[in-house]
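This report concerns one protein chain, shown below with its sequence. It is addressed to readers who wish to follow side-chain contacts residue by residue.

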Amino acid sequence: QSPLFWAAVFAGGAVPNAFIRLVLTERSLPEAVRALVGLHVRDENRHIVYARERLSQDMPRVPRVLRALYGPLLRAVLRQFVTTCFYPEPSVYAAAGIADPARMAKAARASATRAALVADCVAPVRRVLDRYFSLP
């Protein structure tokens, strides 16, 4: 139940939630999918809000030296989480039945469009976490 835990909960909910909100802007989604995704967004928002509140309450009591130690660890966890979510290994594409999974994984890593999408999804999370942990 440390601030690092709540930061991970916040990031783990807020990053995919930002992506899901972008998905909801797609008008061609079937209404059933839109409703299901909307339920997920609302549920995830509860986790995000609670984690953010805990950070706000707990961080003033965290010594500066711990904040300095938490920052690099949290940065590494966030980087790994984003990589896993947005740039999956070829085995993930293969499990989804996508032909030539290695090519698809390579294309995803090279995609400027995907990189911009990831940056848009991560930026609000980094701003919140940077307030507490000074992420470079």
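The text that follows treats the nonpolar core, the aromatic pairs, the salt bridges, the cysteines and a surface patch. The model is predicted.

**Nonpolar core**

In soluble globular proteins, nonpolar side chains tend to be buried together. The largest nonpolar core of this model has 27 residues, and the members that touch the most others are Phe 10, Leu 55, Leu 129 and Phe 133. At least two residues of this core come from each of the helices α1 (3-24), α2 (31-58), α3 and α6 (112-133).

**Aromatic pairs**

A pair of aromatic rings is described by the distance of the centres and the angle of the planes. The count for this model comes to four aromatic pairs. One of them joins Phe 5 and Trp 6 in an edge-to-face arrangement, with 4.9 Å centre to centre and 75° between the planes. Trp 6 also forms an edge-to-face pair with Tyr 50, at 5.2 Å centre to centre and again with 75° between the planes. This second pair links distant parts of the chain, since Trp 6 belongs to helix α1 and Tyr 50 to helix α2, 44 residues apart.

Through these ring pairs, Phe 5, Trp 6 and Tyr 50 are linked into a cluster. Which degree of burial does Trp 6 have? With a relative accessible area of 8%, Trp 6 lies under the 20% limit and is therefore buried. Phe 5, by contrast, is partly exposed at 38%, and Tyr 50 is partly exposed at 41%.

**Salt bridges**

A search of the whole structure finds four salt bridges. Three of the pairs are described here, beginning with Asp 43 and Arg 46, whose side chains meet at 2.0 Å, N to O. Both residues lie in helix α2, three residues apart, which is about one turn of the helix. Asp 43 is partly exposed, with a relative accessible area of 30%, whereas Arg 46 is exposed at 56%.

Another salt bridge connects Arg 54 with Asp 58, where the closest N and O atoms are 3.2 Å apart. These two residues are separated by about one helical turn because they stand four residues apart in helix α2. Asp 58 forms a further salt bridge with Arg 61, with the closest N and O atoms 3.0 Å apart. Arg 54, Asp 58 and Arg 61 are thus linked in a network of salt bridges.

The accessibility of the members of this network is listed below.

| Residue | Relative accessible area | Class |
|---|---|---|
| Arg 54 | 18% | buried |
| Asp 58 | 11% | buried |
| Arg 61 | 63% | exposed |

Asp 58, which takes part in the bridges to Arg 54 and to Arg 61, is thus a buried residue. Arg 61 is exposed, with a relative accessible area over the 50% limit.

**Cysteines**

How many disulfides does a search of the whole structure find? The search finds zero disulfides. For Cys 85, the closest cysteine sulfur is that of Cys 121, and the two sulfur atoms are 10.0 Å apart, too far for a bond. A disulfide would require sulfur atoms within 2.5 Å, so the separation of 10.0 Å rules out a bond between Cys 85 and Cys 121. Seen from Cys 121, the closest cysteine sulfur is likewise that of Cys 85. The surroundings of the two residues can also be described: Cys 85 is partly exposed, with a relative accessible area of 39%, while Cys 121 is buried, with a relative accessible area of 1%.

**Surface patch**

Val 65, Leu 66 and Leu 69 form a nonpolar patch on the surface, and together they have about 270 Å² of accessible area. Leu 66 is placed in helix α3, which covers residues 64-86. Why does Leu 66 count as partly exposed? Its relative accessibility is 32%, and Leu 66 is therefore assigned to the class between the limits of 20% and 50%. Helix α3, where Leu 66 is found, is also one of the helices that supply at least two residues of the largest nonpolar core.

Note on methods:
Residues are numbered from 1 along each chain as its sequence is written. This is a predicted model: local features need pLDDT of at least 70, side-chain atom pairs count only at pLDDT 80 or more; totals for chains, interfaces and linings use all residues. Side-chain values use heavy atoms; hydrogens and water are left out. Patches are made of residues with over 30% relative accessible area and no salt bridge: like charges are joined within 9 Å, nonpolar side chains (Val, Leu, Ile, Met, Phe, Trp, Tyr) within 5 Å. Accessible areas come from the Shrake-Rupley method with a 1.4 Å probe; for residues, only the protein chains shown count as cover. Buried means under 20% relative accessible area, exposed over 50%, partly exposed in between (1.4 Å probe, protein chains only). A nonpolar core is a set of buried Ala, Val, Leu, Ile, Met, Phe, Trp, Tyr and Cys residues joined through side-chain atoms within 4.5 Å. Rings of Phe, Tyr and Trp (its six-membered ring) pair if their centres lie within 6.5 Å; planes under 30 degrees apart count as stacked, over 60 as edge-to-face and the rest as tilted.
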